[in-house]
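Q: Hey, I'm new to this one. Can we go through it together, starting with the strands?

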Amino acid sequence: MDSAALRENDAEKTPEFPIPAGCFAERVTSVKHYTDNLFAFRITRPQSFRFRSGEFVMIGLPNAEKPVFRAYSIASPAWDEEVEFFSIKVPDGPLTQHLQKIQPGDTVLMRQKSTGTLVNDALTPAKNLYMISTGTGIAPFASLIRDPETYEKFDNIILTHTCRDVAELDYGKELVTALKDDPLIGELVEGRLTHFTSTTRETSPAMGRITTLIENGELFRALGTEPFDRENDRVMICGSMAMLKDVKALVEKAGLKEGSNAEPADFVVERAFVG
C-alpha cells in the first residue's frame, strides 16, 4: 500500500468522538481470534506508560461521548514495546460486542494508570509460585511469566489454566512454547516453568475444575509436587468469581496468608477480573 493510500486508510479510522481527558488513544497493531469466544490483540504503547507485570488497566473504544471502560489485565510484560490483552467475546457486552470487531489500525482508549494485586511485590519470596487461572484469567500470568523478575524471586513457576474446551487453551500453549526461544528470558524459563492445563467439558488428558484437582490432590500428583505449604509455596489466583472464592478457601485452609502491595504475604487474588 502506498503512502497516499495509507493516509487515506488512517483518515477512515479517525475516531468520530473526542478522546476523553486522562486517556491514551492507541493504535491496534495486531488481532488474533482463537475461538468464537476468545481473542487477543496488541496496541501501541505510549512512551510515558509505566506498569508492573501483572497489573490491569481500564480500556475502552472511542465510539461514544461517554465511552464504556472495563478493567483488562495487561498480558504483555513490563518491558514490552506494545501492550497486549486477551479478551472474551460477549455478544451483548457493553464493550466486548464492539471490541471483538477491532482490526489493525483501529483506535483503543486506555486510561493512564494501571493497578492490581497480581504483582511480584505483593508476595514474599519462596521456592514455588503457583499461578492458578481459568479462561482469560491467564492474561496477567502471560505478563508475569515473561518477566525476568519472576524468575529472580521464585525457583519454580507453575502456571495452571483451566477452560471448558481444548481450543480455549491455545493462547497459553502458544505463549509457553514461544518462551523457550525468547532471547530475553528463554534461558531463565528452561526447566523452571511448568504449564498444567485441564478442561471441564471437552475430553483432554486432564479434566475437572481446578478446585477439584487441588482438593483431591490430582494437580500435585500430575506435577510431582507436594500440596500447598506455606514455607515453600506462593499462589496467585485469577479467573471466575466462583473459582476465586473456592481456591482462596483452599489455600487459606493450607495455612497461606493473603498478601497485598502494602503487606506482602503468601497469596493474592485479582478481584477486578470478570470473565
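Q: First thing: in E6, what is the bridge partner of Glu26?
A: In E6, Glu26 is partnered by Val108. Keep in mind that this is a predicted model.

Q: OK. Which residue in E6 stands opposite Phe24?
A: That's Met110.

Q: And how many bridges join E1 to E6?
A: Five bridges join them, and the two strands run antiparallel. E1 covers residues 23–33.

Q: What other strand does E1 pair with over five bridges?
A: Strand E2, residues 38–44, again in the antiparallel sense. One of the contacts there is Val31, whose bridge partner in E2 is Phe41.

Q: How many residues does the hairpin from E1 to E2 run through?
A: Four residues make the link in that hairpin.

Q: So what's the strand order in the sheet they belong to?
A: The order is E4-E3-E6-E1-E2-E5. That's six strands in an open sheet, with antiparallel pairing.

Q: Which ones are the edge strands?
A: E4 and E5, and each of them pairs on one side only. On average, neighbouring strands in this sheet are turned by 40° against each other, ignoring direction.

Q: Let's look at E3. Is it mostly covered or mostly open?
A: Mostly covered: of the five residues in E3 (residues 56–60), four are buried.

Q: Which strand do five bridges join E3 to?
A: Strand E4, residues 69–73, running antiparallel to E3. E3 also pairs with strand E6 (residues 107–111) in the antiparallel sense, over two bridges.

Q: What are the bridge partners of Ile59, in E4 and in E6?
A: In E4 the partner is Arg70, and in E6 the partner is Met110. Met110 also stands opposite Phe24 of E1.

Q: While we're in E6, is Thr107 buried or exposed?
A: Buried, with a relative accessible area of 16%. Thr107 lies in strand E6.

Q: How far is Thr107 from Thr160 in space?
A: They're 33 Å apart, C-alpha to C-alpha, with their positions 53 residues apart in sequence.

Q: Changing topic: what does the UniProt annotation say about residues 21–121?
A: The unreviewed UniProt entry annotates them as "domain: FAD-binding FR-type". In the model, that span is 4% helix and 40% strand, and its end C-alpha atoms lie 30 Å apart.

Q: Now the other sheet. In what order do its five strands come?
A: They go E9-E8-E7-E10-E11, forming an open sheet with parallel pairing.

Q: Why is one side of E9 and of E11 left without a neighbour in the sheet?
A: Strands E9 (193–199) and E11 (267–269) stand at the edges with a single partner strand each, so one side of each has no neighbour in the sheet. Neighbouring strands here are turned by 15° against each other on average, direction ignored.

Q: How many bridges are there between E10 and E11?
A: Three, in the parallel sense, with E10 being residues 233–238. Met236 stands opposite Val268 in E11.

Q: What about aromatics, how many pairs are there?
A: The count comes to 11 aromatic pairs. Take Phe86 and Tyr171: their ring centres are 4.0 Å apart and their planes are at 10°, so the pair is stacked.

Q: Where do those two sit?
A: Phe86 is in strand E5 (residues 82–88) and Tyr171 is in helix H5 (residues 170–179), so the pair ties together parts that are 85 residues apart in sequence. Both Phe86 and Tyr171 are buried.

Q: Which residues form an aromatic cluster?
A: Phe39, Phe41, Tyr72 and Phe85 form one. Phe41 is also the bridge partner of Val31.

Q: And what lies over the face of Phe69?
A: Arg111 does, at 4.0 Å from the ring centre.

Q: Last topic: how many disulfides does a search of the whole structure find?
A: Zero. Cys163 is in no disulfide, and the nearest cysteine sulfur, that of Cys238, is 12 Å away.

Q: Is Cys163 buried or exposed, and what about Cys238?
A: Cys163 counts as buried at 6% relative accessibility. Cys238 is buried too, with a relative accessible area of 0%.

Definitions and conventions:
Residues are numbered from 1 along each chain as its sequence is written. This is a predicted model: local features need pLDDT of at least 70, side-chain atom pairs count only at pLDDT 80 or more; totals for chains, interfaces and linings use all residues. Side-chain values use heavy atoms; hydrogens and water are left out. Rings of Phe, Tyr and Trp (its six-membered ring) pair if their centres lie within 6.5 Å; planes under 30 degrees apart count as stacked, over 60 as edge-to-face and the rest as tilted. Buried means under 20% relative accessible area, exposed over 50%, partly exposed in between (1.4 Å probe, protein chains only). A charge sits over a ring if NZ of Lys or CZ of Arg is within 6 Å of the ring centre and within 35 degrees of the ring normal. UniProt positions are given in the numbering used here, feature names are shortened, and annotations may be inferred rather than shown by experiment. Two strands pair if DSSP finds at least two bridges between them. A disulfide is a pair of cysteine sulfur atoms within 2.5 Å. Axes are lines fitted to C-alpha atoms, for helices over the stretch in contact, and angles run from 0 to 180 degrees between N-to-C directions.
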